[in-house]
Amino acid sequence: MAKLKLGAVLDDRPVKLTVDLPAAVHRDLVAYAELLGRDSGTAIEPVRLVVPMLMRFMASDRGFATARRSLGTRGGAAGIPK
């Protein structure tokens with residue numbers, strides 16, 4: 001079983017997102033979903049990983065957190081996956 005940074009994908013209402021990904025990024029996203037699906041025992045659509053990955057990335061970016069605090073704004077995402 002692989003130790004992945006992204007944990008379980010919460011069942012949340014869907015959000016429509018349109019984005020152009022380089023083919024290599026899409027292949028990696030598909031592979032990540034396959035690995036995560038094996039670990040959890042359920043099939044996961046790659047598109048469902050985009051939001052948790054972005055949330056995790058922004059939550060772990062110290063520069064972003066510092067800049068956000070200096071602007072006096074709070075994060076809008078609740079329940080950031082660990």
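## Starting at the front end

A8 is exposed, with a relative accessible area of 65%; here exposed means over 50%, buried under 20%, and anything in between is partly exposed, using a 1.4 Å probe and protein chains only. You'll find A8 in the segment before helix 1. In space, the C-alpha of A8 sits 8.0 Å from that of L36, although 28 residues separate the two in sequence.

K3 also belongs to the segment before helix 1. With a relative accessibility of 82%, K3 counts as exposed. Its partner across the sequence is D39: the two are 36 residues apart, with 9.2 Å between their C-alpha atoms.

## What you're looking at

This is a predicted model, where local features need pLDDT of at least 70 and side-chain atom pairs count only at pLDDT 80 or more, while totals for chains, interfaces and linings use all residues. Residues are numbered from 1 along each chain as its sequence is written, and side-chain values use heavy atoms, with hydrogens and water left out.

The protein chain has three helices and zero strands, so its elements read α-α-α from the N terminus, given that helices are DSSP runs of H or I with at least four residues, strands are E runs of at least two, and numbering starts at the N terminus. Of its 82 residues, 18% count as buried. The chain exposes about 6,900 Å², with 59% supplied by carbon and sulfur atoms; these areas come from the Shrake-Rupley method with a 1.4 Å probe, and for residues only the protein chains shown count as cover. Among contacts (heavy atoms within 4.5 Å) with a separation of 6 or more, 64% join residues 24 or more positions apart.

## Helix 1, one face in and one face out

Helix 1 has 18 residues and reaches 26 Å from first C-alpha to last, close to the 26 Å expected at 1.5 Å a residue; that expected span is 1.5 Å times one less than the number of residues. Its buried residues are L29, Y32, A33, L36 and G37. Looking down the axis, these buried residues fall within an arc of 135°, so they line one face of the helix. The arc is taken over the directions from the helix axis to the C-beta atoms.

On the other side of helix 1, R27, D28 and R38 are exposed. Just after the helix, G41 takes a positive phi of about 80°.

## The core and helix 2

Which residues make up the largest nonpolar core? There are eight: L6, L29, Y32, A33, L36, I44, L49 and V50. Helix 1 (residues 23-40) gives the largest share, four residues. A nonpolar core here is a set of buried Ala, Val, Leu, Ile, Met, Phe, Trp, Tyr and Cys residues joined through side-chain atoms within 4.5 Å. In soluble globular proteins, nonpolar side chains tend to be buried together.

Helix 2 (50-60) is part of what covers the buried residues of helix 1. The favor is returned: helix 1 is part of the cover over the buried residues of helix 2. Those buried in helix 2 are V50, P52 and M55.

## Around helix 3

At the start of helix 3 (residues 62-70), a side-chain oxygen of D61 comes within 3.0 Å of the backbone nitrogen of G63. Just after helix 3, G72 takes a positive phi of about 75°.

Definitions and conventions
A polar contact is a pair of N or O atoms within 3.5 Å; within protein, one must be able to donate a hydrogen and the other to accept it, and residues adjacent in sequence count only if both atoms are side-chain atoms.
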